[in-house]
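This briefing is meant for a reader who is meeting the structure for the first time. Please look over the sequence and the model, and then follow the points below, which are grouped by topic.

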Amino acid sequence: MAPNVSDSTATVARCAADETVNADDHAPSSADPRTGRSRKRIGTIPTTTTTTTISDRNNNTSNDCDYVAASEAPFRAQIRWPDFMAQLFVHTGFVIGLALLVTLQVKLYTFLWTLLLVWASGIGITAGAHRLWSHKSYKARWPLRLLLMFLFTICGQRDAYTWAHDHRVHHKYSETDADPHNAKRGFFFAHVGWVFLTPHPEVVAKRKIIDMSDLEADPIVMAQRRYYIPLFALLVIAMPVLVPYYYWDERFWVAFWVCFTLRFTTTLNIAFFVNSVAHMFGNRPYDKSISPVENLAVAIAAMGEGWHNYHHVFPWDYKTSELGSYVFNITTAVIDCFARLGWAYERKSVPAEVIARRAAKCGDGTRFLTDEYAHQDAVWGYGDHDLPPEDVAAIVQEQQ
């Protein structure tokens, strides 16, 4: 986790200076939605540095869910009991399902069916809800969008609109009070606590200003949101349980505990590891001033989503990593396969020279800023209005 810099002296420097272009000194300023201060994009950085004292109320490093911000009333998170009981049920069910599995009370076909569902629904998360709908890192024709929505719904992790909405907020305001699963509030909160605790008021406020117009215009996304409850009952519970029950005479309760609760909780915690482990344990080769890290174990489990330091620096890259190999990034292989069929297109990536420049300037030196401007211009993905025009031009050129 990043060190606490509250009321400390910090040196002001722009980390991504050479990834911007020269701007007119009289260009209009824009207000930073997080600080309320006026700022404008600059193209050159003075050789001198300015020392200033800042107070950052977002850099809490304790494991407590309640903490006091300077000169503010304390925010006290409350347990949302229905959500807490749901988590308690599925995790208890996971233990039951695992016990049935290790004691060999599960038929082989049931085990293989469960593995298939974990993998397929995982692709629905990574290639669908994450890389397509959250970050717009590539485009998909309607048959692929429909397939990804079907697979994503099986995982049971809320509707795609809500999933992408919170994920965009997470990237835009990462490691601040406005981050839905702020890792600075501790491992447990980032992993699962945020699911059943009331959100910080800043999260509620920032959810209202994130642009979601692209998903609101997608009929597949909005239909899934509208009919999510019956779809959950059908695709998350009924189909996984009834297929082994009817087709190879698996016992009903074995199918329920293994194909529903064990499977559901497995995919849920793999996704949660990206929020917790991949924000705490690993290297930061692209930007050492932010919390996300590169974590091989998470990358394997989450089919390519563990290269998180890269992903937070370049969230519009459809590969979510610099790696050219499919070995630890299965999701990229799937997207590329559909691109060959013409179902996926306009895959966005980052030019190699931009990656190398950023790593050399801001990384921790492990590739092959702790000041108030560090990661100031964070973006949620392709389409964010704060994405610099020169980066947009580089992305478009790379696609051609």
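In this predicted model, Leu242, Tyr245, Tyr246, Tyr247, Phe252 and Trp253 together make a nonpolar surface patch of about 720 Å². Helix α9 (228–247) and helix α10 (252–275) each supply at least two residues of this patch, and α9 gives the most, with four residues.

**The nonpolar patch and the loop beside it**

- Tyr246, one of the residues that make the patch, has its place in helix α9, and it counts as exposed because its relative accessibility is 59%, where exposed means over 50%.
- Asp249 lies in the loop between α9 and α10, the two helices that each supply at least two residues of the nonpolar patch.
- Asp249 is also exposed, with a relative accessible area of 59%, and its phi is near 55°, a positive value in a residue other than glycine.

**Positive phi angles elsewhere**

- Most residues other than glycine have a negative phi, which gives a background for reading the next point.
- Glu175, which is not a glycine, has a positive phi of about 60°, and its place is in the loop between α4 and α5 (187–196).
- Unlike the exposed Asp249, Glu175 counts as buried, because its relative accessibility is 6% and buried means under 20%.
- Gly156, the residue that follows helix α3, has a positive phi as well, near 80°.

**Helix α3**

- Helix α3 covers residues 142–155, and its 14 residues reach 20 Å from the first C-alpha to the last, which is close to the 20 Å expected at 1.5 Å a residue.
- Buried residues in α3 include Leu144, Leu148, Leu151 and Phe152, and Arg145, Met149, Thr153, Ile154 and Cys155 are buried there too.
- In an α-helix there are 3.6 residues a turn, so residues three or four places apart point the same way.

**Salt bridges**

- The structure holds 13 salt bridges, and several of them are described in the points that follow.
- The side chains of Asp218 and Arg145 meet in a salt bridge, at 3.1 Å from N to O; this pair links distant parts of the chain, with Asp218 in the loop between α7 (213–216) and α8 (219–226), Arg145 in helix α3, and their positions 73 residues apart in sequence.
- Both of these partners, Asp218 and Arg145, are buried.
- Asp214 and Arg168 also meet through their side chains in a salt bridge, at 2.8 Å from N to O, and this pair again links distant parts of the chain, since Asp214 is in helix α7 and Arg168 is in helix α4 (residues 160–172), 46 residues apart.
- Within that second pair, Asp214 is partly exposed, with a relative accessible area of 23%, whereas Arg168 counts as buried at 0% relative accessibility.
- Lys172 forms a salt bridge with Asp384, the closest N and O atoms being 3.2 Å apart, and both Lys172 and Asp384 are buried.
- Arg158, Asp166 and Arg207 are joined into one network by salt bridges that share partners.

**Tyr161 and its surroundings**

- Tyr161 is found in helix α4, and it is buried, with a relative accessible area of 6%.
- When its neighbours within four places in sequence are left aside, Tyr161 is in contact with Met212, Leu215, Glu216, Val221, Met222 and Arg225.
- One of these contacts, Val221, is 60 residues from Tyr161 in sequence, and the two residues are 6.4 Å apart in space, C-alpha to C-alpha.

**Confidence in the model**

- The chain averages a pLDDT of 83, and 80% of the residues score at least 70.
- Over residues 1–70 the pLDDT stays under 50, and for this stretch the model has 149 contacts beyond four places in sequence.
- Residues 369–375 also have a pLDDT that stays under 50, and the model has 26 contacts beyond four places in sequence for them.
- Where pLDDT is low, the predicted coordinates should not be read in detail.

Terms used:
Residues are numbered from 1 along each chain as its sequence is written. Side-chain values use heavy atoms; hydrogens and water are left out. The expected span of a helix is 1.5 Å times one less than its number of residues. Buried means under 20% relative accessible area, exposed over 50%, partly exposed in between (1.4 Å probe, protein chains only). pLDDT is the predictor's confidence in each residue, from 0 to 100. Contact means heavy atoms within 4.5 Å. A salt bridge is a side-chain nitrogen of Lys or Arg within 4 Å of a carboxyl oxygen of Asp or Glu. Patches are made of residues with over 30% relative accessible area and no salt bridge: like charges are joined within 9 Å, nonpolar side chains (Val, Leu, Ile, Met, Phe, Trp, Tyr) within 5 Å. Accessible areas come from the Shrake-Rupley method with a 1.4 Å probe; for residues, only the protein chains shown count as cover.
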